[in-house]
Amino acid sequence: MFKDSKAFSGFSVNDIAKAKVFYAETLGLNVEDGPMGNLVLHLTGGNSIFIYPKDDHTPATFTILNFPVDIIDEAVDTLTKAGVQFEKYEGEMATDEKGILRGIAAGMGPDIAWFKDPAGNVLSVLQEK
């Protein structure tokens, strides 16, 4: 029934203006103002993501958006210079001093680094090879 649907994802933020600056300027994505005070992120491949304002927004506690990159250290360094702060984790999912979980070397999947948007939603950059 839905296999040919052009599905898209969406998530809320508490400040649409801050979200627009972050996604357009900090991350360099194509961001369009939507018809009802929302935003539309246009991603490679024709996919889009709907971002809508919500006064009682609660940040997602899981990763809502992953950005595959060729070289994770370069992506993390670039975003850090742009003011992005990466999450630091300990234990089984321990990250290094840059905030990168080195999954490839440990045989635990991709190298991945998590960060938050201005609304507190969790995003990541990841390198699969």
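Visitor: Which residues line the largest pocket?

Guide: Start with the general idea: rolling a probe the size of a water molecule over the atoms shows where empty space is left. The model here is predicted. In it, the lining of the largest pocket consists of T26, L27, L29, F67, P68, V69, A75, T78, L79, F115 and V125. The volume of this pocket is about 260 Å³.

Visitor: Which elements give two or more residues to that lining?

Guide: Those elements are β5 and α2. Helix α2 provides the largest share of the lining, 3 residues.

Visitor: How do the residues of the lining divide into nonpolar, polar and charged?

Guide: Nonpolar residues number 9 and polar residues 2, and there are no charged ones.

Visitor: Where does T78 lie, and why does T78 count as exposed or buried?

Guide: T78 belongs to helix α2. T78 counts as exposed because its relative accessibility is 53% and the cut-off is over 50%. T78 is also one of the residues lining the largest pocket. Another lining residue is T26; the C-alpha atoms of T78 and T26 are 9.7 Å apart, while the two residues are 52 apart in sequence.

Visitor: On to the interior. How many residues has the largest nonpolar core, and which have the most contacts inside it?

Guide: The largest nonpolar core has 26 residues, and those with the most contacts inside it are Y23, L27, L41, F86, F115 and V125. Two or more residues of this core come from each of β1 (9-13), α1 (16-26), β3 (39-42), β4 (48-53), β5 (63-68), α2 (72-81), β7 (111-116) and β8 (122-127). The largest share is that of α2, with 4 residues. Apart from this core there is another, of 5 residues, including I112, W114, V122 and L126.

Visitor: What is F86 in contact with, leaving aside its neighbours within four places in sequence?

Guide: With those neighbours set aside, F86 contacts V76, L79, T80, K98, G99, A113, W114, F115 and V125. Both F86 and F115 are buried.

Visitor: How is a pair of aromatic rings described, and how many aromatic pairs does the structure hold?

Guide: The description rests on the distance of the centres and the angle of the planes. There are 6 aromatic pairs in this structure. One of them is formed by F50 and Y52: the centres are 5.7 Å apart and the planes make an angle of 25 degrees, so the pair is stacked, the cut-off being under 30 degrees. F50 is partly exposed at a relative accessible area of 25%, and Y52 is partly exposed at 32%.

Visitor: What kind of pair do the rings of F86 and F115 form, and why?

Guide: Their centres are 5.4 Å apart and the planes stand at 65 degrees, so the pair is edge-to-face. F86 sits in the loop between α2 and β6 (100-102) and F115 in strand β7, so this pair ties together parts that are 29 residues apart in sequence. Both residues also belong to one aromatic cluster, made up of F11, F22, Y23, F86 and F115.

Visitor: Where is the place of F22, and why does F22 count as buried or exposed?

Guide: F22 is in helix α1. F22 counts as buried because its relative accessibility is 8% and the cut-off is under 20%. Setting aside neighbours within four places in sequence, the contacts of F22 are L27, V84, F115, K116, D117, P118 and L123. For F22 and V84, the separation is 62 residues in sequence and 9.5 Å in space, C-alpha to C-alpha.

Visitor: Where is K88 found, and what is K88 in contact with, leaving aside its neighbours within four places in sequence?

Guide: K88 is part of the loop between α2 and β6. Beyond its sequence neighbours within four places, K88 contacts T95, D96, E97, K98 and G99. K88 and L101, 13 residues apart in sequence, have their C-alpha atoms 9.0 Å apart.

Visitor: One last residue. Where is the place of K6, and is K6 exposed or buried?

Guide: K6 is in the segment before β1. With a relative accessible area of 81%, K6 is exposed. From K6 to G46 the C-alpha distance is 9.6 Å, with their positions 40 residues apart in sequence given as the separation.

Note on methods:
Residues are numbered from 1 along each chain as its sequence is written. This is a predicted model: local features need pLDDT of at least 70, side-chain atom pairs count only at pLDDT 80 or more; totals for chains, interfaces and linings use all residues. Side-chain values use heavy atoms; hydrogens and water are left out. A nonpolar core is a set of buried Ala, Val, Leu, Ile, Met, Phe, Trp, Tyr and Cys residues joined through side-chain atoms within 4.5 Å. Buried means under 20% relative accessible area, exposed over 50%, partly exposed in between (1.4 Å probe, protein chains only). Contact means heavy atoms within 4.5 Å. Rings of Phe, Tyr and Trp (its six-membered ring) pair if their centres lie within 6.5 Å; planes under 30 degrees apart count as stacked, over 60 as edge-to-face and the rest as tilted. On a 1 Å grid over the protein atoms alone, a cavity is a set of points where a 1.4 Å probe fits but cannot get out, and a pocket is an open set with protein on both sides within 12 Å along at least five of seven lines; lining residues have an atom within 4 Å of a point. Grid points are joined across faces, edges and corners, and a volume is the space filled by probe spheres set on the points. Ala, Val, Leu, Ile, Met, Phe, Trp, Tyr, Cys and Pro count as nonpolar, Asp, Glu, Lys and Arg as charged, and the others, Gly among them, as polar.
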